[in-house]
Structures are given as C-alpha cells and as structure tokens.
Amino acid sequence: MNVHEYQAKDLLKAFQVPVPRGVLARTPEEARQAALQLGTWPVVIKAQVHAGGRGKAGGIRLASSEAEVANLAPKMIGMTLVTPQTGAQGKKVRMLYIEEGLPIAKEYYLSLVLDRSRNRIVAMASTEGGMEIEEVARKTPEKIVKVAIDPAIGALPSHGRRAGQALGLNGEALSRFVGLLSALYRAYVGLDASLLEINPLVRTKDDRWYALDAKVNLDDNALFRHKNYLDLRDAAEEDPMEVEAAKHDLSYIHLDGNIGCMVNGAGLAMSTMDIIKLHGGEPANFLDVGGGAGVEKVAAAFKILVADRNVKAILVNIFGGILRCDTLAQGIVTAAREVWGKGEKIEMPLPLVVRLEGTNVDQGRKTLADSGLPIIVAADLGDGAKKAVAAAKGVR
C-alpha cells in the first residue's frame, strides 16, 4: 500500500525522524495561507501523487514570495503530471504540500528494504542523492553502500557508522547519521513497511539531517495490525480495477496486454502469463481468485476483466484441488450468465477459453459442454494459451 509524501512524513515523525515543516493544501488559497503559516522563505511547492520523478516533470517548484506561491499553485493544482512511473496517461494533481526550504549542504540517498534472499533488512546509502537509484545502480554501482541488518538483533550503532563512514562522514554529521539510521530502522519495523526510501536525504550546513522526500510502502499483509492505515489509502491514486478487485479479496494487477487471465493460485497465474507470452500474446492482468473461489468471486472477476477495454479474450486456467473442477465449472457458467445475461442463448462479447485440470475434471468439462455457452474448452495449458492468443487476434 502506497501513501503520499505528506502522509509518509507524518508517520516518520512519530519515530523521531527529522522532516522539514510542511502544510497540506487542496486549493490555491490554502497553498498561499500554508506558505504564510510556515513563515519562512523560500518554500517548496510539491505535487502530491503516487509517483517518483516529480521534479523533472514540473511537480516540484521553488517559491521565494507569497506572490510566487499565488502564481504557481493554480497552475499546479489540476495539472496532469507525467513521469516515468505514471505512464503516458499521467496523474492528476489534486493536492500540494507546501514545505519550508532548507540550507542544504549536500544530498544523499538512504533506504531500507527487505532482502528475502538473505533474510535481512538492508540499508542502502549513496552520495548520489536526488538521482534515480536505478540509474546509479546501472552506471556507478560502486557508489551504493549496502549494510545488512539482522532483524533478530536490530540496527546497532555499528551499522550506522559503517554506512556513514562509507559515505565519507565524520564528526557531528556521522554521529547524527547513526541516530538517524536507528530511527529509520525503528520506523521500518514499527510501521510494517516493505520499503522506506529517503531521496534525497539532506545534510544542512550545520550538519543536521532531514528527510527532504519520503516514500513509504506499507505491507498489505500487516494491515490487520494497523487499522488506521486504511484511512491513508487514496483510491483516486490507484487503478480503479485494482480498487474494485480488492473489495472482493481478489489479487489483481492491471497490465497492458489484451488477454484477460483468471487463475487460482499465484504461481499458476505467473505460469499462465508466461505461456501466453510464449505463444505470442500479452496478458492484460495478473488475477488470482484463490483456492476457495465461489460464484460471487468468479462473477466479480469476470466483471473486472470485461471492464478492461483492452481485453479481447479471456483465459480461465484452473487446477482443481481444494476447489473441485465441477464446482468451479458451475461457478463459471453461473457467473457468465450473471454477467452477460440469463437467456437460453447468451451472446458473450468476448471469447472465453477455459482450461480445467484436477479433481473431478471430467464432470467439470461436462458442465461447460452442457451449459449451452460458447465456451472454448482447452485440453491443456499450452492449448489454452494458443486458443486464447488466436481468439484475441480474431481467429476462431
């Protein structure tokens, strides 16, 4: 779950992570009042969207007077911000964060992320603050310092010193950096975060540290421990189909292809997407309905797939285990009639390819054959992928 920059900074403040003073504004007048409330110049006007690269796209502007804020704010609220992370469609700016300017001596990069291969939380730091870390990793990987932290022990002063000394720090700047990393680690664990990224992290001229920007991704699996996080979710920043899928407990990720996929099991869903690409197609989504999918879930999944205008064919790939094939087949038939009509002959707007395997597969295939629906039954996964790709191209 992503949150806005201003929300991330509010979360970090609770763990004594130093952040600049800032005020949220939803209108140009609120932006002007926010700048006056801060009582210092210059101020930084930041567009609040769930995407990085805002500065290059005009989403971060410096204002040295009330008049400049009054001039810039109306232009930024309502603008469509296009960055490498938004895609060509961009994101509409609905809020601005007005933040105090700081006397910056140098910018750095600092993040915490889980390294599953090592069972460690890794602190990554670099002197190349303000840069896209992917570009730094590609061009100058030696400028990225990595320090692994055992979660059974936690962040020790030695971790901070090792990272800070690798960045060339010493004296008061190093001492304060050690405290900062410790606070960030406590925040990472306490928030149940999957990513905590400060870019840039700035050192001021008096050797103080501030999180000038903050990106915090919260682990959805831990939301039961943090009910208040639900108030932080901004559905307007998320894909509408992904929002709808979440309402029905469906694991759905929207992609750019034209073959809608409905699968039970994450691993099988990934394999299904791979097979579609192997046969020259492009999956339109990742969709795992889970092992206990009933008629209601299947119907919801169908509605989401049909709502995607790019989808030209649907491939249902089910391996019956806990959920038997005959039960799932009846669910498909019932859901198809619910979505596309209840008459004797239903004109389905999209080709529907179904591959069933597993418990009670023969009964399941018979249910599909007896349904009267124009369902294309596949013999196996490869056959299903070929038929779905052909159907998406209009070949029947």
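Here are five short exercises with worked solutions, all on a predicted model.

**Exercise 1. Two helices that cross**

Task: Find the angle at which helix H5 (residues 157-166) and helix H6 (residues 171-190) cross, and describe how they lie to each other.

Solution:
- Step 1. Start with the geometry, since two packed helices are described by the angle between their axes and the distance between the axes.
- Step 2. The axes of H5 and H6 come within 8 Å, and the crossing angle is roughly 125°.
- Step 3. Angles of 65 to 115 degrees count as roughly perpendicular and those over 145 as roughly antiparallel. H5 and H6 are therefore oblique to each other.
- Step 4. Look at the handedness: H5 passes H6 in a right-handed crossing.
- Step 5. Now list the partners. H5 brings Pro157, His159, Gly160, Arg161, Ala163, Gly164 and Gln165, and these meet Leu174, Phe177, Val178 and Leu181 of H6.
- Step 6. Sorted by class, the contact of H5 with H6 holds six nonpolar, four polar and one charged residues.

**Exercise 2. One helix, two partners**

Task: Describe how helix H10 (residues 325-340) packs with helix H9 (residues 295-307), then do likewise for H10 and helix H11 (residues 361-370).

Solution:
- Step 1. For H9 and H10, the axes are 8 Å apart and the angle is about 50°. That makes H9 oblique to H10.
- Step 2. The crossing of H9 with H10 is right-handed.
- Step 3. On the H9 side you will find Val295, Val298, Ala299, Phe302, Lys303 and Val306; among their H10 partners are Leu328, Ile332, Ala335, Val339 and Trp340.
- Step 4. The contact of H9 with H10 divides into eleven nonpolar, two polar and two charged residues.
- Step 5. Turn to H10 and H11, whose axes come within 7 Å and cross at roughly 15°. Because angles under 35 degrees count as roughly parallel, H10 is roughly parallel to H11.
- Step 6. H10 passes H11 in a right-handed crossing. Cys325, Asp326, Ala329, Gln330, Ile332 and Val333 of H10 make this contact with Val361, Gln363, Gly364, Thr367 and Leu368 of H11.
- Step 7. The class count for H10 with H11 is six nonpolar, four polar and one charged residues.
- Step 8. Compare the two lists and you will spot Ile332 of H10 in the contact with H9 and also in the contact with H11.

**Exercise 3. A pocket and its lining**

Task: Characterise the second largest pocket by its volume and its lining.

Solution:
- Step 1. The volume of the second largest pocket is about 230 Å³.
- Step 2. Its lining includes Leu114, Arg116, Tyr188, Val189, Asp192, Ala193, Ser194, Asp219 and Arg225.
- Step 3. H6 and strand S10 (193-204) are the elements that give two or more residues to this lining.
- Step 4. By class, the lining has six nonpolar, two polar and four charged residues.

**Exercise 4. Cis peptide bonds**

Task: Which peptide bonds, one ending at Pro42 and one at Pro200, are cis, and where do these prolines lie?

Solution:
- Step 1. Recall that most peptide bonds are trans.
- Step 2. Trp41 and Pro42 are joined by a cis bond with omega about 0°. Pro42 sits in the loop between helix H2 (28-38) and strand S2 (43-47).
- Step 3. The bond from Asn199 to Pro200 is cis as well, with omega near 10°, and Pro200 is in strand S10.

**Exercise 5. A positive phi**

Task: What is the phi of Gln16, and where is Gln16 placed?

Solution:
- Step 1. Most residues other than glycine have a negative phi.
- Step 2. Gln16 is not a glycine, yet its phi is positive, about 65°.
- Step 3. Gln16 lies in the loop between helix H1 (5-13) and strand S1 (22-25).

Definitions and conventions. Residues numbered from 1 in each chain as written. Predicted model: local features only at pLDDT ≥ 70, side-chain atom pairs only at ≥ 80, totals over all residues. Heavy atoms only, no water. Axes fitted to C-alpha atoms, helices over the stretch in contact; angles between N-to-C directions. Helix = DSSP H or I, 4+ residues; strand = E, 2+ residues; numbered from the N terminus. Left-handed = near helix turned anticlockwise from the far one by under 90°. Contact = heavy atoms within 4.5 Å. Nonpolar A, V, L, I, M, F, W, Y, C, P; charged D, E, K, R; others polar. 1 Å grid on protein atoms, 1.4 Å probe; cavity = no way out; pocket = protein on both sides within 12 Å on 5 of 7 lines; lining within 4 Å. Points joined across faces, edges and corners; volume = space filled by probe spheres on them.
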